[in-house]
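Biologist: I should like a close look at the internal cavities of this model. Please describe the largest one in full and then follow its lining outwards.

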Amino acid sequence: MSVAPDTTGPSHGGLDNRFARDLPEMAVAWQAEPAPAPQLLVLNETLAAELGLDAAWLRSPEGLGLLLGTVVPDGATPVAQAYAGHQFGGFVPRLGDGRALLLGELAGPDGGLRDLHLKGSGRTPFARGGDGLAVVGPMLREYIVSESMHAMGIPTTRSLAVVATGREVRRETLLPGAVLARIARSHLRVGSFQYAGLHPQATGDGGLLRRLADHAIARHHPAAADADNPYLALYQAVISAQATLLAQWMLAGFVHGVMNTDNMTISGETIDYGPCAFMESFDPATVFSSIDHGGRYAYGNQPTVAAWNLARFAETLLPLIAENAEDAIEPATEALHGFGPQFDAAWTAGMRAKLGLPVDVDVTTAKALIEDILTLLQQHRLDYTSAWRILARVARGGDAGPLDRPGFDGWRERWLALNPDADAMDRVNPIYIPRNHLVEEALQAAGDGNLDPFEHLMRALAAPYDERPGLDRYAVPAPDDFGPYRTFCGT
């Protein structure tokens, strides 16, 4: 049974309800569960200012009510969103926000809309037997990783705040509960289209699938509206956005962990920082998710999985691309075939930048250097992130340190002959990433009520390309005794 949201709160939020208004078949009005003893753990004041939200007000009892979803502005309509999805290749026709609420949309700094979305606010009709809650550790983890991705310039959902609820949540043990307030250009996913495509009135002029596609075009890819075939243009735009996004996060050594179709956004932002992590020793087979037993979402498999997800997206759009769906297969397939070359171009350009190669270095030479350095990193199990900063030091005439391994001298000679730009390398190669042992250190301390390690880590990650004194421990890989690393979804 739907529960009408409380609308007695202040008007500071300025929330629109465009998604719920345009697509009521995909929105269930709902309200967050009460929080017995709310406590603000972290507030992203910079992001709040960008959204026109007063940080001081957000720290007040009414502001915390907004961040928890227990107090919402007049006229706002908190909803749980419906979507479907392929999870590890198996299709689930009804997923949805089982523990999340879309409070509404805010105006972003560019004039576009931003979702204010809560994670861990309680069970919804989509909870599928779960408790709908979240705990402090995973919510702070999402805050750390999403804000680090943003600082590196990778398109991502953002974290506005984490609020402890004062409620204990049962996982393997009793853990302190929390709610994450997340900001996104939207939460439209490939899975949203898969859900709409199954609706009894999916197609036709007023059908849900067409309205969803029009909503996505208006919100994210407005140029598609002027194309001869707007829905094919939408598909092409999402392909391009995802090719660029994937290259950017792989260049940073990121492994998503749950690249299901319900975690691929139409906007081209990274979403869902559950079982994810940054690779240390370079190995394309790297997997961090505790449930990815077959390595489906391993680091090196991510381009293949992205293309597979985009093929599922194409299947939903066929009735819109052409009146006869069979006539849509050829143009959709042709568009999908563009993903590989677009990803390869973005990846190669990014790798050229990481190596500081001048623009006049030909593609064949560049690709050979890229492949050979990655082979050396893998053979010797060298740290991926620090390797690029060491190379910049080598380009300045410094020593190679841990890179001085068999095979490196010949590669270095070929590379230095091209006059790499060390300063340009430092502008694109982060020195500070969310090192797995440091993330765990911060989360464990936070669980004991000590947020100092979290705050120190966030200060380092806020300027990932700028080497600063006193931050040496944030720039080195985990100690040998840290052991194999596994991450969990938190539900």
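Modeller: pLDDT is the predictor's confidence in each residue, on a scale from 0 to 100. Here the mean for the protein is 94, with 97% of residues at 70 or more. Residues 1–13 have pLDDT below 50, yet this stretch makes 38 contacts (heavy atoms within 4.5 Å) beyond near neighbours in sequence. Where pLDDT is low, predicted coordinates should not be read in detail. The model is predicted, so local features need pLDDT of at least 70 and side-chain atom pairs 80 or more, while totals for chains, interfaces and linings use all residues. Numbering starts from 1 along each chain as its sequence is written, and side-chain values use heavy atoms, without hydrogens or water.

The model holds 4 cavities of 30 Å³ or more; a cavity is a set of points on a 1 Å grid over the protein atoms alone where a 1.4 Å probe fits but cannot get out, lined by residues with an atom within 4 Å of a point. The largest encloses about 90 Å³, the space filled by probe spheres set on its points. Its lining comprises 15 residues, of which Gln242, Trp249, Met259, Asn263 and Met264 are closest to the centre. By class, 7 are nonpolar (Ala, Val, Leu, Ile, Met, Phe, Trp, Tyr, Cys, Pro), 1 is charged (Asp, Glu, Lys, Arg) and 7 are polar (the others, including Gly).

Helices (DSSP runs of H or I, at least four residues, numbered from the N terminus) contribute to this lining: H8 (230–251) and H9 each supply at least two residues, and H8 gives the largest share, 4.

Helix H9 (302–321) also packs against H10 (325–336), their axes (lines fitted to C-alpha atoms over the stretch in contact) coming within 9 Å and crossing at roughly 145°. Among the residues in contact are Ala307, Leu310 and Ala314 of H9, and Ala328, Ile329 and Pro331 of H10. This contact consists of 12 nonpolar residues, with no polar and no charged ones.

Methods:
Axes are lines fitted to C-alpha atoms, for helices over the stretch in contact, and angles run from 0 to 180 degrees between N-to-C directions. On a 1 Å grid over the protein atoms alone, a cavity is a set of points where a 1.4 Å probe fits but cannot get out, and a pocket is an open set with protein on both sides within 12 Å along at least five of seven lines; lining residues have an atom within 4 Å of a point.
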